[in-house]
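Visitor: I would like a close look at one part of this protein, taken slowly. Please start from a single strand and work outwards to whatever surrounds it.

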Amino acid sequence: MLALLAGCATVATREGPLPPPSLRDMAGRMVRGLAGAGAVGAAAVVIRDEEVAFDFHGVEDRSSGQKIDRATRFRAGSLTKLLTAMEAARLAEEGQLNLDRPIDLYLPETANLRAEGAGVPTLREILTHRAGLPWNRLGGALGPWEDRRSLRDSLKDLPASLASQPAPYPAGLGYAYSNTGYSLAGLVLEKVTGRRYEALIQDHWLTPLAMHDSGFGTARLSHGYERGQAWPDEALRDIPAGGLVSTPEDLGRFARAILRGGRDHQGRVVLPWETLRSCLLPQGQPGPLDLDFVIGLGWQLRGIEPEGPMWLARHSGVVGRFRAELALAMDRGTGVVLLANTAESESAMLPLAQAALNGLEPVPGRRTLPPQEAKELAVPALPKPKVALPPPSSLAGRYALPGATFTLRPSGEALSFTLAGQSLRLTPDPLQRLRPEALLLGFLPVPPGRLAGTLVIPSVEQDGTWLMLRRPGGFWTFARKVDLKPVPSSWQEAGGPWLPRDAAGFAVERLSLRMEDGHLLGTVHYRTGAQEERHLTPLGDHRALLTGFGRGLGEEWQLDTEEDEAVLRYSGITFTRKGAVATATPAPIATEPPSGSEADAGPFEPGEGLEQGVFGSDQTDAEEAFPARTEP
């Protein structure tokens, strides 16, 4: 343990006096938590009004031994979305754009970007992840660093690429995290201003806030690590969704500017308070599949369960091996920024942020909210089932959800299932809800560990049976029961591995298809080592829909023939059997918890032990470009 914590050092901010011991102690606990989670290098920033404490652990590069400090550059990932959304709000306030007009007003190529029978989404729907857009457009989204310019330039082709097939869901249906939506928002900003996104953010945010070490390049970027191994950095296409690179010092300045109501350290207005306030309050009309998720413009307004009322504003970041969390209690004047260059640190991010915000003393006289707005932001009481709990036999069957599928089987008064090699059981509670418990050796109930607080509520809707899964932090996910239907021979014969045909498939190692218990299942194998299992509902001989609602679902896989060669298309990538080598057994499924994706991240996270948990991921939003590796 002593070796693990070596390299931690608490220092005061350059702006202002030495912070009090309480803040220094909190920063120390935060960074020790990241170190204990396996971070090679990490930083914690704890803020209370104008008092700021920093603490650091480890190195940015093991080969050089360079220690983490306030100027270490980390990938901030989806913290970028906060800048994109607030810049859109600023331009809307100035009358340069309208958040409630369909985006084809600004990007004509998106005129066909709609679900069947629905309209083109608005910018507000995009910024609140209710636009029904794909999670990612994987084709051309990542590449080697030497291709960075061509990748970034290809962003202009994204609207037409997305509009080449129907959107997964109609706008307004519910919260479904989308990186592609934020990339489109960035293109709208470019269109209305005539300026490149990076320059716009630099001039209106980074420079005024003295974030001099932040930007969108990778000069002096720390190395990313996973399982002790350094990984090369990769270039991104979707800069407005996740391209920001920043430092503990700079993100601390950004956080303080938000807590000050949109002003820099000299009191100059960066974003008028009323405009910022609108970003930090619930936006848009909740859809029928929103459940209780609450989002502003860019800012997530739930995700931490506070001890008492709290006006929470937060976001996390996951890109490559980097992890980030920025969480503010606006009504308390407190906040925390956590950064790490190691994938394994992800499990600690949200619990540490929650501990900090609950443990910091509020600043007297902070802004408060009217009772109705405060009520909207509060984590609500657990809902009651819409219907009486059906008998286990009627809920038995296969379910599809983001990142995984599972089969429920009757087991007396309970339901049992297996995921990633672990046995689980759902048992009724007195309020007609289902709660999970882990089973040792497949039959012996044991303490739930991180399963605690997870809840499953059956919900019979017009279009079938759904399970509403609530995870710690107030996140919800839908799992849809899928009916057993005939699978056309064309899809049955397409079983086995498929490899990307060209460089557009850089992000994905392969796809694989298989039949199981009469169902068609597909697995996406990412270059990071992560895998996501999907259930496919055939729509005919050549089209199949990824079943369910949420991150990565609702999209199509398409079989086709080109020059007498069978091809499989998915998310802008064309796959072929050429050179594919079949595996004897399917690999275990590893799903990443959301970055985000908050309400639709996929509730299952395979782990090595019960404390790692397999049911309910409460860390971050797996909202980033591509999943990090998670081993079963």
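Guide: What follows starts at strand β3 and then moves to the rings, the cores and a few other parts of the chain.

The model is a predicted one. Its chain contains 15 helices and 30 strands, and 60% of its 632 residues are buried. Of the contacts with a separation of 6 or more, 66% are between residues 24 or more positions apart.

Strand β3 covers residues 51–61 and is mostly covered, with 10 of its 11 residues buried. On one side in sequence comes strand β2 (residues 41–48), which pairs with β3 in the antiparallel sense over eight bridges. Within that pairing, Ala42 stands opposite His57 of β3. The two strands form a hairpin with two residues between them, and Asp49 in the turn has a positive phi of about 60 degrees.

On the other side, β3 pairs with strand β4 (residues 66–67), again in the antiparallel sense, over two bridges. Here Asp61 stands opposite Gln66 of β4. The hairpin of β3 and β4 has four residues between the strands, and Gly65 takes a positive phi near 75 degrees.

In a regular strand, side chains alternate between the two faces of the sheet. With that in mind, consider Phe54 and Phe56. Their ring centres are 6.2 Å apart and their planes are at 25 degrees; an angle under 30 degrees counts as stacked, so this pair is stacked. Phe54 counts as buried because its relative accessibility is 0%, under the 20% limit. Phe56, at 4% relative accessibility, counts as buried too. Phe54 also has a charged neighbour: the charged end of Arg70 sits over its ring, 5.6 Å from the centre. A second arrangement of this kind involves Arg62, which lies over the face of Tyr225 at 5.4 Å from the ring centre.

The structure holds nine aromatic pairs. Another one that is stacked is formed by Tyr399 and Phe406, with 5.5 Å from centre to centre and 10 degrees between the planes. Tyr399 is buried, with a relative accessible area of 0%, and Phe406 is buried as well, at 3%. Tyr169, Phe478 and Phe549 form one aromatic cluster.

Next come the nonpolar cores. In soluble globular proteins, nonpolar side chains tend to be buried together. The largest nonpolar core in this model has 119 residues, and those with the most contacts inside it are Phe254, Trp299 and Trp557. Helix α3 (residues 80–93) gives the most to this core, with seven residues. A second, separate core has 27 residues, including Met26, Val46, Ala53 and Val336. Ala53 falls within the residue range of β3, and Val46 within that of β2.

Phe254 shows how the helix meets the largest core. Leaving aside its neighbours within four places in sequence, Phe254 is in contact with Leu82, Leu83, Met86, Leu209, Met211, Trp299 and Leu326. Among these, Leu82, Leu83 and Met86 are buried residues of α3.

The helix itself has 14 residues and reaches 20 Å from its first C-alpha to its last, close to the 20 Å expected at 1.5 Å a residue. It is mostly covered, with 12 of the 14 residues buried. The buried ones include polar and charged residues such as Thr80, Lys81, Glu87 and Arg90. Just after α3, Gly95 takes a positive phi of about 85 degrees.

Further along the chain there is another run of antiparallel strands. Strand β23 (residues 496–500) is joined to strand β24 (residues 508–516) by three bridges, and Trp498 stands opposite Leu511 of β24. Strand β24 also pairs with strand β25 (residues 519–526), over eight bridges in the antiparallel sense. In that pairing, the bridge partner of Leu513 is Gly522 of β25. The hairpin of β24 and β25 has two residues between the strands, and Asp517 takes a positive phi near 55 degrees there.

One exposed position completes the tour. Pro232 lies in the loop between β8 (229–231) and β9 (234–236). Its relative accessibility is 62%, so Pro232 counts as exposed. Pro232 and Arg321 are 89 residues apart in sequence, and their C-alpha atoms are 9.7 Å apart in space.

How values were computed
Residues are numbered from 1 along each chain as its sequence is written. This is a predicted model: local features need pLDDT of at least 70, side-chain atom pairs count only at pLDDT 80 or more; totals for chains, interfaces and linings use all residues. Side-chain values use heavy atoms; hydrogens and water are left out. A nonpolar core is a set of buried Ala, Val, Leu, Ile, Met, Phe, Trp, Tyr and Cys residues joined through side-chain atoms within 4.5 Å. Buried means under 20% relative accessible area, exposed over 50%, partly exposed in between (1.4 Å probe, protein chains only). Contact means heavy atoms within 4.5 Å. The expected span of a helix is 1.5 Å times one less than its number of residues. Two strands pair if DSSP finds at least two bridges between them. Rings of Phe, Tyr and Trp (its six-membered ring) pair if their centres lie within 6.5 Å; planes under 30 degrees apart count as stacked, over 60 as edge-to-face and the rest as tilted. A charge sits over a ring if NZ of Lys or CZ of Arg is within 6 Å of the ring centre and within 35 degrees of the ring normal.
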